[in-house]
Amino acid sequence: MNKNEKARQEWKNFIDDFWDLIMLNILFFLSCIPVVTYGAALGALYSSVSRLREKRSDGGAARMYWAAFKKNFKGVTPMWLIVLAALLLIFFDMTVMNSAPGLGKYAYYGLLSFVTIVIQSFATVGIPVIVERETGVKQTVSAALSVLAAAPLRTCLACALNILPLIVLLLSNKAFVGLFLIWMCFYFSLTELAISGMLKKKIRNE
């Protein structure tokens, strides 16, 4: 294969992968609408985008996504429900503390923010850990904390990328609606691709 043919093939593969990222993003968006399936959908998305070049041997990106979704549903869902319950409790605490006077309120906000980052890392890193290592909840929590300790800045950045749409929604409904096509078409798949690039070796414990 000469250089021109190789360049054309690489460009064709790039376009093919780009459209598959859009398709995977839409599949993720639709399959996590029931909130309880968010964990399995996130695990399937991470698995699919981190192995995108293997799609041809696995029957295509969509088949790879649904196979990962079914495979990891039972393992990932308990972890996600624990994270969801913890985040809802923190949100409730912040709502209650909003009416409290004094500087103590802001110190408590700081503490809750730190706890939120740790808990969010369980979803951002813990779910991929379950996908890659097929561990239980206890081992996953330990592994997620290990990744956070080993790469705190990259883990915090990964968490920020995952919760950015929620932050935009809370700050401005209009901005969220204005960016809806970005969320719908490729944001989440590109985010998981970035997380895979930043943390895959740590997640796989290589």
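Me: Is N72 buried or exposed?
Reply: This is a predicted model, so keep that in mind as we go. N72 lies in helix α3. Anything under 20% relative accessible area counts as buried. N72 has a relative accessible area of 6%, so the answer is buried.

Me: Which backbone oxygen does the side chain of N72 reach?
Reply: Setting aside residues up to four places away in sequence, N72 touches T77, I130 and V131. The side chain also has a polar partner, at 2.9 Å: the backbone oxygen of A68.

Me: Which residues touch the most other members of the largest nonpolar core?
Reply: In general, nonpolar side chains in soluble globular proteins tend to be buried together. Here the largest nonpolar core has 36 residues. The ones that touch the most other members are L24, F28, L45 and Y65.

Me: Which element gives the most to this core?
Reply: The elements that give two or more residues to this core are α1 (3-31), α2 (38-50), α3 (61-97), α4 (104-133), α5 (137-150) and α8 (180-203). One of them gives nine residues, the most, and that is α3.

Me: What is L24 in contact with, leaving aside its neighbours within four places in sequence?
Reply: L24 belongs to the largest nonpolar core, where L45 and Y65 are also members. Both of those turn up among the contacts of L24. The full set is L45, S48, V49, L52, A61 and Y65.

Me: How many residues are in the other core, the one that lies apart?
Reply: Apart from the largest core there is another one. Among its residues are V129, I195, L199 and I203. Its count is 11 residues.

Me: How many residues of α2 are buried?
Reply: α2 has 13 residues, and from its first C-alpha to its last it reaches 18 Å, close to the 18 Å expected at 1.5 Å a residue. This helix is largely enclosed by the rest of the structure, because the number of its residues that are buried is 13 of the 13.

Me: D20 and I22 are both in α1, so what relative accessibility does D20 have?
Reply: D20 sits in helix α1. Beyond its neighbours within four places in sequence, D20 is in contact with L52, K55 and A61. D20 counts as buried, because its relative accessibility is 13%.

Me: And what does I22 touch, not counting residues up to four places away in sequence?
Reply: I22 lies in helix α1 too. I22 is buried, with a relative accessible area of 14%. Its C-alpha is 30 Å from that of V118, 96 residues apart along the chain. As for what I22 touches, the names are C185 and F186.

Me: What is the relative accessible area of V125?
Reply: V125 has its place in helix α4. Not counting residues up to four places away in sequence, V125 touches A144, V147, T155, L199 and I203. Its C-alpha is separated by 19 Å from that of L88, 37 residues apart along the chain. V125 is buried, and its relative accessible area is 0%.

Me: Which element gives the most to the lining of the largest pocket?
Reply: About 1300 Å³ of space lies in the largest pocket. Of the 34 residues that line it, the closest to its centre are L87, Q120, I163, L166 and I167. Two or more lining residues come from each of α1, α2, α3, α4, α6 (152-171) and α8. With 11 residues, the element that gives the most is α6.

Me: What separates the C-alpha atoms of G197 and S50?
Reply: G197 is in helix α8. At 66% relative accessibility, G197 counts as exposed, because exposed means over 50%. G197 and S50 are 147 residues apart along the chain. The separation of their C-alpha atoms is 8.1 Å.

Me: Where is E134 placed?
Reply: E134 counts as exposed, at 55% relative accessibility. Phi of E134 is near 55°, a positive value in a residue other than glycine. Its place is in the loop between α4 and α5.

Conventions
Residues numbered from 1 in each chain as written. Predicted model: local features only at pLDDT ≥ 70, side-chain atom pairs only at ≥ 80, totals over all residues. Heavy atoms only, no water. Core = buried A, V, L, I, M, F, W, Y, C linked by side-chain atoms within 4.5 Å. Buried < 20%, exposed > 50% of the residue type's maximum accessible area, 1.4 Å probe, protein only. Helix = DSSP H or I, 4+ residues; strand = E, 2+ residues; numbered from the N terminus. Contact = heavy atoms within 4.5 Å. Polar contact = N/O pair within 3.5 Å; in protein donor to acceptor, adjacent residues only side chain to side chain. Expected span 1.5 Å × (residues − 1). 1 Å grid on protein atoms, 1.4 Å probe; cavity = no way out; pocket = protein on both sides within 12 Å on 5 of 7 lines; lining within 4 Å. Points joined across faces, edges and corners; volume = space filled by probe spheres on them.
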